Amino acid sequence: ALSFGPLYTLVRTGRPADYYTHIPLIPVVSAFVLFKRRKRLFRDESNSPLLGIMAIALSAGLLVADILMSPGLISHAELRVAGSILLLCGVFLVLFGKRAFRRALFPFLFLVFLIPLPLAWMDHVVSALVKGSIGFTHLLLRAFRVPFFQDGSVFYLPGFDIEVAQECSGIRSSLALLITSVLAAQIFLDRPWKKIALAMAVFPVTVLKNAVRIVTLYLLSYFIDIRIIEEGFLHRSGGFIFFGLGLVILAYVLWLLRSPREAWRELQGKKGLIYRENSLTND
């Protein structure tokens with residue numbers, strides 16, 4: 001409730017909007033995970049009033065700071081959201097204790113995605129994505145033996161030129177892939193370094209899929225119809241197709257990070273299921 005006003009303003013009028021489109025989904029996912037774990041959370045009754053009161057005091061400090069620095073609602077939304085999350089953690093600790101909080105740690109940590117990063121930080125992320133996309137586009141054009149001349153972010157190609165602009169960063173799909181990878185890592189991976197590795201794989205996967213999209217649009221426009229890159233569906237609204245490509249690559253990385261023993265057990269389980277189904281069919 002404390003965060004709704006600033007977050008609603010941020011999602012509705014924030015500029016650029018691509019930075020904040022994931023925000024409405026975060027509390028829904030966190031609440032769903034808490035609901036699924038409800039039977040394990042409260043196995044024993046205890047409380048941690050001291051830790052909870054410390055978290056509540058810290059949240060009060062952040063909320064007061066947000067009130068005192070309130071002229072720019074969007075620029076200070078991170079203070080309101082961080083204070084609200086700490087308040088929620090503090091109340092949970094006071095009511096249910098450290099053990100329950102430890103079991104519910106992931107849903108609370110997942111709420112960190114609600115905190116909007118400062119625009120300057122996000123601009124640095126976008127710039128890094130654009131530079132990575134430029135590098136991978138260069139490699140793919142060479143791999144396809146397309147003649148070109150590169151001047152910074154502009155590729156001079158046969159037929160027409162392409163500029164890899166800020167809009168080509170794929171920041172929205174990057175955030176979606178990052179959130180998906182964090183959820184998948186929590187569900188399927190057991191060791192922290194594996195979870196971190198899967199999250200870090202999001203950046204190279206994102207710039208690779210961006211480069212694939214750029215080169216695909218160029219080749220289709222050059223060989224089939226120039227309108228594909230000028231006003232075609234694949235250029236303006238086809239990002240979900242290449243987002244699917246990113247998901248497939250991340251799924252493969254996830255499979256590589258799982259232990260061979262787990263993969264072997266899963267394979268054996270599938271073989272056993274097929275064998276039982278065949279036996280039932282024959283009978």
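Me: How far apart are the end C-alpha atoms of helix α10 (residues 202-223)?

Reply: In this predicted model, local features need pLDDT of at least 70 and side-chain atom pairs count only at pLDDT 80 or more, while totals for chains, interfaces and linings use all residues. Residues are numbered from 1 along each chain as its sequence is written, and side-chain values use heavy atoms, with hydrogens and water left out. At 1.5 Å a residue, the 22 residues of α10 should span 32 Å, the expected span being 1.5 Å times one less than the number of residues. The end C-alpha atoms agree with that expectation, as their separation is 31 Å.

Me: How many helices does the protein chain that holds α10 have?

Reply: Helices (H or I, at least four residues) and strands (E, at least two) are DSSP runs, numbered from the N terminus. Counted in this way, the protein chain has three strands, and its helices number 14.

Me: Is Lys194, the partner of Asp190 in a salt bridge, buried or exposed?

Reply: A search of the whole structure finds one salt bridge (a side-chain nitrogen of Lys or Arg within 4 Å of a carboxyl oxygen of Asp or Glu), and the closest N and O atoms of Lys194 and Asp190 are 3.9 Å apart. Buried means under 20% relative accessible area, exposed over 50%, and partly exposed in between (1.4 Å probe, protein chains only). Asp190, at 47%, therefore counts as partly exposed, whereas Lys194, at 9%, counts as buried.

Me: What is the angle between the planes of Tyr252 and Trp255?

Reply: The whole structure holds 12 aromatic pairs (rings of Phe, Tyr and Trp, its six-membered ring, with centres within 6.5 Å; planes under 30 degrees apart are stacked, over 60 edge-to-face, the rest tilted). One of them joins Tyr252 and Trp255, whose ring centres are 6.0 Å apart and which count as stacked. Because they are three residues apart in helix α13 (residues 239-257), about one helical turn separates them. Both residues are exposed, and the angle between their planes is 20 degrees.

Me: Which residue of the nonpolar surface patch lies in the loop between α3 (38-41) and α4 (49-68)?

Reply: Patches take residues with over 30% relative accessible area and no salt bridge, joining like charges within 9 Å and nonpolar side chains (Val, Leu, Ile, Met, Phe, Trp, Tyr) within 5 Å. Here Val91, Leu95, Phe96 and Phe42 together have about 340 Å² of accessible area (Shrake-Rupley method, 1.4 Å probe, with only the protein chains shown as cover for residues). Phe96 also belongs to an aromatic cluster with Phe92, Phe101 and Phe108. The member found in the loop between α3 and α4 is Phe42.
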